[in-house]
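I sat down with a new structure today and kept notes as I went. Come along and look things up with me.

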Amino acid sequence: MNLNGFQFNKGELCCEDIAISSIVNKHKTPLYVYSSKNLISSYKKLKDAVSNLNIEILYALKSNSTIGIVTLLGEQGAGADIVSGGELKIAKASKIPTSKIVFSGVGKTEEEIRQAIDSKIKQINVESESELEKIISIANSLNTKVPVSLRINPDIEVNTHKKIATGSNLTKFGLPTDQAISLYQRIKLEKNIKPMGLAIHIGSQIFNNLEFKSAYESLLKVANNLREQGCDVPNLDLGGGVGVNYDNFEVDFTGFGRTIYEVFNKQGYSLSIEPGRSLVANSGILIAKTIYLKRNNKKNFIIIDAAMNDFIRPTLYEANHKIALVKNSTNTEEIFDIVGPICETGDYFSKDILLPTPKEDDLIVIFSAGAYGSVMSSNYNSRPPANEVMINNQKIQLLKKSQSIDDKIKSEASLLIC
Ligand code: LLP
């Protein structure tokens, strides 16, 4: 297995040389375990891959907004791409300078826009004419200059899961290019809007760099067109989307960097990118314990103590994350479905995979769970979400202690009393 920060030592999975079983002795399952070493090296690899252009890396908090993770990336130099007032608070709590925060998303409320302006963030990426009207009216009422970028939708098909493809005009994202051009000409005339440039994000889990290339070429065309008309277009924000291969953990930062270089070298724009998954996916694993083995005449099931409320990607996007036993104690192998305790057939992590037969209480690992894992967890079936730890300099650091169901009962019961 070639995964920085995680390796099998004498048949047992370790995170940075600490045995997973010893981490679980202190913090019970289900448990997210992150490797700070993996996280830092992912950031460095991306930075190196884009070092021949002056690019600002704005980490997309939506992929993992645990404060310990955001803080570590901030310390490496990352800014933030946020999509809510909540993420703005988390970015600030993680000490990301507000001058390095970009606010994306199709449905920013007036309150969120005011919070962003108040915090003096780098820019708001606008996705519709109505949103622009709202920002203009807030900016005028405050008599403050608000930095704004327009997100274009290049109307291209992207070969990824349909729920995470955002580059076509059949989706709610961005502005069609002709609309973006006319709105940009308009903001030029607004005294309280500072035009910052254009943004794009065509989707997530993209492996074909030609798709990025075609989107970036559309973006460049619009930007050049606006410049020819005398508009100031300083920055192009290229979004996120770099794919993570969940079979072999590979991330093609080099190809992504080369693509950006090919399109934007010597074009005279400052650039930013909004990577999420590619930075954090491989830095986290989810550890669960085997509760039961169950067999019928058609299937063998391993029922574990993590469920779709902890990690929803397999059932929501048919994602295939690598799964293994933390420590292999038998020589027999069988075909299993790995399932959780939730009362839904969709509560599974993998189907028909070959694994050594575990015993009750044996630990199971789900790899590449660092992105869109804990952030998408819920209390479904009144299950408390998993705790989270990070291994940092050979120490186990508790990053998140999930709200217990007892606390949830207390907070809801206190409402009934009022
Ligand atoms: N920028 C914008 C405007 C975005 O909407 C996204 C992701 C990103 C950047 C970061 O994209 P990334 O580098 O992570 O691909 N829950 C889904 C993924 C949803 C992605 C949403 N937008 C999943 O688990 O696959």
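**The pocket.** I began with the ligand, and found that the space it takes is the largest pocket. I am working from a predicted model here, so every entry below is about that model.

**Who surrounds the ligand?** I counted the neighbours and got 17 residues around the ligand. The closest are Ser204, Glu274, Arg313, Tyr317 and Tyr372. I then sorted this shell by character: six residues are nonpolar, five are polar and six are charged.

**Polar contacts.** Next I asked which protein atoms pair with nitrogen or oxygen atoms of the ligand, and noted three cases.

- The side chain of Glu274 has an N or O atom 2.6 Å from a nitrogen atom of the ligand.
- At Gly241 the partner is a polar backbone atom, and it sits 2.9 Å from an oxygen atom of the ligand.
- For Asp81, I found an N or O atom of the side chain 3.3 Å from a ligand nitrogen atom.

How much of the ligand does the protein bury? Taken alone, the ligand exposes 590 Å², and the protein buries 91% of that.

**The whole chain.** Stepping back, I listed twelve helices and 21 strands in the chain. I also took the extent of the C-alpha trace, which spans about 70 × 60 × 45 Å along its principal axes. Does the radius of gyration agree or disagree with a compact globule? It agrees, because a compact globule of 418 residues would have a value near 22 Å and the chain has 23 Å.

**Two backbone oddments.** I finished with the backbone in two loops.

- The peptide bond from Thr29 to Pro30 is cis, and its omega is near -10°. I placed Pro30 in the loop that runs between α1 (20-26) and β4 (31-35).
- Asp17 is not a glycine, yet I read a positive phi of about 75° for it. I found Asp17 in the loop between β2 (12-15) and β3 (18-19).

Definitions and conventions
Residues are numbered from 1 along each chain as its sequence is written. This is a predicted model: local features need pLDDT of at least 70, side-chain atom pairs count only at pLDDT 80 or more; totals for chains, interfaces and linings use all residues. Side-chain values use heavy atoms; hydrogens and water are left out. A residue is near a molecule or strand if one of its heavy atoms lies within 4 Å of it. A polar contact is a pair of N or O atoms within 3.5 Å; within protein, one must be able to donate a hydrogen and the other to accept it, and residues adjacent in sequence count only if both atoms are side-chain atoms. Accessible areas come from the Shrake-Rupley method with a 1.4 Å probe; for residues, only the protein chains shown count as cover. On a 1 Å grid over the protein atoms alone, a cavity is a set of points where a 1.4 Å probe fits but cannot get out, and a pocket is an open set with protein on both sides within 12 Å along at least five of seven lines; lining residues have an atom within 4 Å of a point. A molecule sits in a cavity or pocket if more than half of its atoms lie within 2 Å of its grid points. Ala, Val, Leu, Ile, Met, Phe, Trp, Tyr, Cys and Pro count as nonpolar, Asp, Glu, Lys and Arg as charged, and the others, Gly among them, as polar. Helices (H or I, at least four residues) and strands (E, at least two) are DSSP runs, numbered from the N terminus. The radius of gyration is taken over C-alpha atoms; the globule rule is 2.2 Å times the number of residues to the power 0.38.
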